[in-house]
Amino acid sequence: RRQRQMCIRDRTRRSQLWFGSFFRKEIITMKKYIKGVLLFLVLFGLDQWSKYAADTCLQGHEAKKVIGDVFVLQYLKNYGAAFGILQNKQIFLVILTAVILAAIIYILIKTPDTVHYLPVRFFGIMLAAGAVGNMYDRIVHGYVIDFLYAKVIDFPIFNVADCYVVVSAVVLAILIGFVYQESDLEVYHKK
C-alpha cells in the first residue's frame, strides 16, 4: 500500500512538472504572438489612418507641396497593383495577396523568438501589415488609396503600405542573402 501511494505521488509530481513546463512554454509562445499582433495592428492602423486622412483632406483638391516640387501629397485611386500594373484585376490581386500572406505567416510561426531572428520577425510583420493594408482597401473600396508622390523623379504615387512592403522586402532580401548563414535558415526547413 505504501508503495502504491509513493507511485501515485511520483506520477502526480511528473504530471505537474510536465503541465507546468507545458504552460510556461505556451505562455512564452503566447507573448511572442501577442507582441507580433500588436506590432501588426499598430502598423496596419497607421496605414489606414494615413489613407483616411488622404481621403478626407486630399480628395478633390490640388496636390499639396510638402517639399517644394520634390515631394507632394496627391490623391489617387489605384485600381491595380504597384506602379499601376494589373489594372482592374482586384480578385486576382486579393487571391495573390492572400497566398503571399499565408507564406509570411508560416515563416513568422517558424521563426524562433530570439534576438538573432528579431529583424526577420519585425520586417516579416511589416511586410504582412503592408500586404493586408492594401488588400483591405481592395476588398472594402475596390481600389487602393495612394497619395505620396516623389514628383522630382516622377515616381508613381504610392502609400504607407507600399513603403512597408518595399522596405521590408528589400531588408529581408539583404538579411537572407548577406547576413544570415545557411545554418541560420535551417529553422525554416524543419518539420
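Trainee: Buried means under 20% relative accessible area, exposed means over 50%, and partly exposed covers what is in between. The model is predicted. Which class does Cys57 fall into: buried, partly exposed or exposed?

Mentor: The relative accessibility of Cys57 is 42%. Since buried requires under 20% and exposed requires over 50%, neither end of the scale applies to Cys57, and the class is partly exposed.

Trainee: Which class does Cys163 fall into?

Mentor: Cys163 has a relative accessibility of 30%. That value lies between the cut-offs of 20% and 50%, so Cys163 is also to be read as partly exposed.

Trainee: How many disulfides does a search of the whole structure find?

Mentor: A disulfide is a covalent bond between the sulfur atoms of two cysteines. To count here, the two sulfur atoms must be within 2.5 Å. The search covers the whole structure, and the number of disulfides found is zero.

Trainee: In what order do the helices and strands follow each other along the sequence?

Mentor: The chain holds four helices and three strands. Read along the sequence, they give the pattern α-β-β-α-α-β-α.

Trainee: How do the strands pair, and how many bridges join β2 to β3?

Mentor: Strand β1, residues 64-67, runs antiparallel to strand β2, residues 71-78, with three bridges between them. Within that pairing, Lys65 has Val72 as its bridge partner, and Lys64 has Leu73. On the β3 side, Asn78 stands opposite Val144. β2 and β3 are likewise joined in an antiparallel arrangement, and the number of bridges is five.

Trainee: Which residue of the hairpin of β1 and β2 takes a positive phi?

Mentor: The hairpin has three residues between its strands. A phi near 50 degrees is found there, and the residue that takes it is Gly68.

Trainee: Where else is phi positive, and which loop holds Asp154?

Mentor: Just after α3, Gly142 has a positive phi of about 90 degrees. Asn88, a residue other than glycine, has a phi near 60 degrees; it sits in the loop between β2 and α2, and at 60% relative accessibility it counts as exposed. Asp154, not a glycine either, has a phi near 50 degrees and is exposed at 56%. The loop that holds Asp154 is the one between β3 and α4.

Trainee: Which helix do the buried residues of α2 pack against?

Mentor: Helix α2 covers residues 90-110, and its 21 residues reach 30 Å between the end C-alpha atoms, close to the expected 30 Å. Its buried residues include Leu93, Thr97, Leu101, Ile104 and Leu108. An α-helix has 3.6 residues a turn, so residues three or four places apart point the same way. The buried residues of α2 pack against α3.

Trainee: Why is α3 described as largely enclosed, and how many of its residues are buried?

Mentor: The end C-alpha atoms of α3 are 32 Å apart, in agreement with the 33 Å expected for 23 residues. Over the chain of 191 residues, 33% count as buried. α3 is largely enclosed by the rest of the structure because its count of buried residues, out of 23, is 17.

Trainee: What volume does the largest pocket have?

Mentor: Its lining consists of 26 residues, and those nearest its centre are Ala81, Ala82, Asn134, Asp162 and Val165. At least two lining residues come from each of α2, α3, β3 and α4. The volume of the largest pocket is about 590 Å³.

Trainee: How many Å separate Ala53 and Phe147 in space, C-alpha to C-alpha?

Mentor: Ala53 belongs to helix α1, residues 2-57. Its relative accessibility of 23% is not under the 20% cut-off, so Ala53 is partly exposed rather than buried. Ala53 and Phe147 are 94 residues apart in sequence, and their separation in space is 9.9 Å.

Trainee: Among contacts with a separation of 6 or more, what percentage joins residues 24 or more positions apart?

Mentor: A contact here requires heavy atoms within 4.5 Å. When the contacts with a separation of 6 or more are taken as the base, the share from residues 24 or more positions apart is 66%.

How values were computed: Residues are numbered from 1 along each chain as its sequence is written. This is a predicted model: local features need pLDDT of at least 70, side-chain atom pairs count only at pLDDT 80 or more; totals for chains, interfaces and linings use all residues. Side-chain values use heavy atoms; hydrogens and water are left out. Two strands pair if DSSP finds at least two bridges between them. Buried means under 20% relative accessible area, exposed over 50%, partly exposed in between (1.4 Å probe, protein chains only). The expected span of a helix is 1.5 Å times one less than its number of residues. On a 1 Å grid over the protein atoms alone, a cavity is a set of points where a 1.4 Å probe fits but cannot get out, and a pocket is an open set with protein on both sides within 12 Å along at least five of seven lines; lining residues have an atom within 4 Å of a point. Grid points are joined across faces, edges and corners, and a volume is the space filled by probe spheres set on the points.
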